[in-house]
Amino acid sequence: MFKDFKKLWMALGMFIVLCPLGLIATGTAFGEWGTDQLPEEVGFIPAGLARFADFWSRSPLPDYGIPGWGENFAQSAGGYILSALVGVVLVVVLISLFNKIIKD
Amino acid sequence: MHIPDGYLSPQTAIPFVALMVPVWGAAIKKVQLNLKKKEVPVLAIGAAFSFTIMMFNLPIPGGSSAHAVGAVLLAILLGPWSACIGVSVALIIQALIFGDGGIISVGANCFNMAVVMPWVGYGIYKLIRGRSDALSTRAIVAAFIAGYVGLNAAAFVTALEFGSQYHLFQAADGTPLYFPYSIKVAVLAMMSEHMLLAGPVEGLTTALGAWFVAKNYPALMTERLLGRIKPDELGVDHHV
C-alpha cells in the first residue's frame, strides 16, 4: 500500500500539515448555518429544519475540532490537523478494502 | 456544499439515498473489475486528498466560505466510477465523524459531489484533451476547465435542491419549512461563490494535480485515457 507512489503520499502529508490554513475563513458556507446561527442569518428557524437538524449529533470530532479545544488558533489548528489525520486514516483503511476484492 | 440535515425535506433527501444505493453498488462492481491492484493506493490517496482539500475553506467576501472538492482530479486519474467511490467515502466519513453534511442528506451530497461533479469534469477533460499528451498545455488547460466546470455543476445542482424546498414545502402560514430562500437566491449565491472563487481554485488544483501525476507517474495518465492498451486487454471499458 505504501511502497509505491511515495511522492503522492508525501504531497498528501503536506496537505494535512497545511490544512489549518482552511481555518482562516471563519464564515459559514451558504446553506450550512447551524440552528444557533439561523436567527441571525435568516431571521428565524424553519419548523421542518428544526425537526431534523439534530438527526445526527454523535460526531466525535464536530466541525473538525476536539470539543473544548477552541480557545485559540493553536488549539483549533491542533484539532484540525488531528481531524485531517483521523479522516485520512479512515478513508485509506476503507479504500484499501478493495485490495481484498480486486483479483487483477 | 455539504447540505446539513434539515435543509432538505425527507421527501427530497431520502429518494437521493435510494438513488445512491444502486449507484454505489454499480461503482463498487466497476472498480472491482477495472481497477488494478497496484492502483488501489492511488484511489486511497485521491479520496484522502479529496477529504483534506474540502477542509481548506476559502473566505468569501460578505462572511461566507466555500471549498474545492477534488472529485475531477480523481476522475481524470482513475475514471469517474473510482472518483464516485473515493469522494463518497470521504463524504460519508465527514458526515459521521465530523458532522460536516447531514446523514439524511448524505445521498444528495454524494449525488452532487461524487456523481455530477466527476462525470461532468471527466467528460469535459476527455473532450478537450483529445489524444494530446498528458503533459501538453492542452491537457493541463483541459484539467483546469474540467475542474472549474465540474465544481460549478455540483454547486448548481446543490442550489436547485436547496431552492426547490422553498417553493415546495411551506407551512400553512406560508413560512418555509426547510431551506428558507427561493431558487433564484440559492442559485445566485451558490454560483457567484463557486464561479468567482472556489471554481478557479478547483481548476488550479485539478491542473496542478494532473500535471504532478503525469510528470511523476506517466503510466497512470496514459494507459486509461489514451487507450494505448486495448480495452479488452485490460478487461476495462474505459469507465464510460
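User: In this predicted model, how are α4(A) and α4(B) oriented to each other?

Analyst: The axes of α4(A) and helix α4 of chain B, residues 80-98, come within 10 Å and cross at roughly 135°. Angles over 145 degrees would count as roughly antiparallel and those from 65 to 115 as roughly perpendicular, and the crossing falls in neither range, so the two helices are described as oblique.

User: Which residues of α4(B) make the contact with α4(A), and how many of the contact residues are charged?

Analyst: On the side of α4(A), the contact is made by A:Ser83, A:Val86, A:Gly87, A:Leu90, A:Val91, A:Leu94 and A:Ile95, and on the side of α4(B) by B:Gly86, B:Val89, B:Ala90, B:Ile93, B:Ile97 and B:Phe98. By class, this contact has ten nonpolar and three polar residues, and the number of charged residues is zero, that is, no charged residues.

User: What is the handedness of the crossing of α4(A) and α4(B), and what is that of α4(A) and α2(B)?

Analyst: Two crossings that involve α4(A) can be taken in turn. The crossing of α4(A) and α4(B) is right-handed. The crossing of α4(A) and α2(B) is right-handed.

User: How are α4(A) and α2(B) oriented to each other?

Analyst: Helix α2 of chain B covers residues 40-53, and its axis comes within 9 Å of that of α4(A), with a crossing of roughly 150°. Angles over 145 degrees count as roughly antiparallel, and α4(A) and α2(B) are therefore roughly antiparallel to each other.

User: Which residues make the contact of α4(A) with α2(B), and how many of them are nonpolar?

Analyst: Helix α4(A) contributes A:Ala84, A:Gly87, A:Val88, A:Val91, A:Val92, A:Ile95 and A:Ser96, while α2(B) contributes B:Val40, B:Leu43, B:Ala44, B:Ala47, B:Ala48, B:Phe51 and B:Thr52. Sorted by class, this contact has no charged residues and three polar ones, and its nonpolar residues number eleven.

User: Which helix supplies the largest share of the side of chain A that touches chain B?

Analyst: Across the interface, 53 residues of chain A are in contact with 62 residues of chain B. Four helices of chain A, namely α1 (6-18), α3 (47-52), α4 (73-96) and α5 (98-101), each supply at least two residues of the side that touches chain B. The largest share, twelve residues, comes from α4(A).

User: How many residues of the side of chain A that touches chain B are nonpolar, polar and charged?

Analyst: This side of chain A consists of the 53 residues in contact with chain B. By class, they divide into five charged, ten polar and 38 nonpolar.

User: What radius of gyration does chain A have, and what would a compact globule of 104 residues have?

Analyst: Chain A has five helices and zero strands, and buried residues make up 25% of its 104 residues. Its C-alpha atoms fill a box of roughly 55 × 35 × 25 Å along the principal axes. A compact globule of 104 residues would have a radius of gyration near 13 Å, but chain A has 18 Å.

User: Why is chain B described as being as compact as a globular protein of its length?

Analyst: Chain B has nine helices and two strands, in the order α-α-β-β-α-α-α-α-α-α-α along the sequence. The globule rule gives 18 Å for 240 residues, and chain B is therefore as compact as a globular protein of that length, with a radius of gyration of 18 Å.

User: What percentage of the residues of chain B count as buried?

Analyst: A residue is buried if 20 or more other C-beta atoms lie within 10 Å of its own. Of the 240 residues of chain B, the share that counts as buried is 59%.

How values were computed:
Residues numbered from 1 in each chain as written. Chains lettered and ligands numbered in written order. Predicted model: local features only at pLDDT ≥ 70, side-chain atom pairs only at ≥ 80, totals over all residues. Rg over C-alpha atoms; globule rule 2.2 N^0.38 Å. Buried ≥ 20, exposed ≤ 12 C-beta atoms within 10 Å, placed from the backbone. Contact = placed C-beta atoms within 7 Å. Nonpolar A, V, L, I, M, F, W, Y, C, P; charged D, E, K, R; others polar. Axes fitted to C-alpha atoms, helices over the stretch in contact; angles between N-to-C directions. Parallel < 35°, antiparallel > 145°, perpendicular 65-115°, else oblique. Left-handed = near helix turned anticlockwise from the far one by under 90°.
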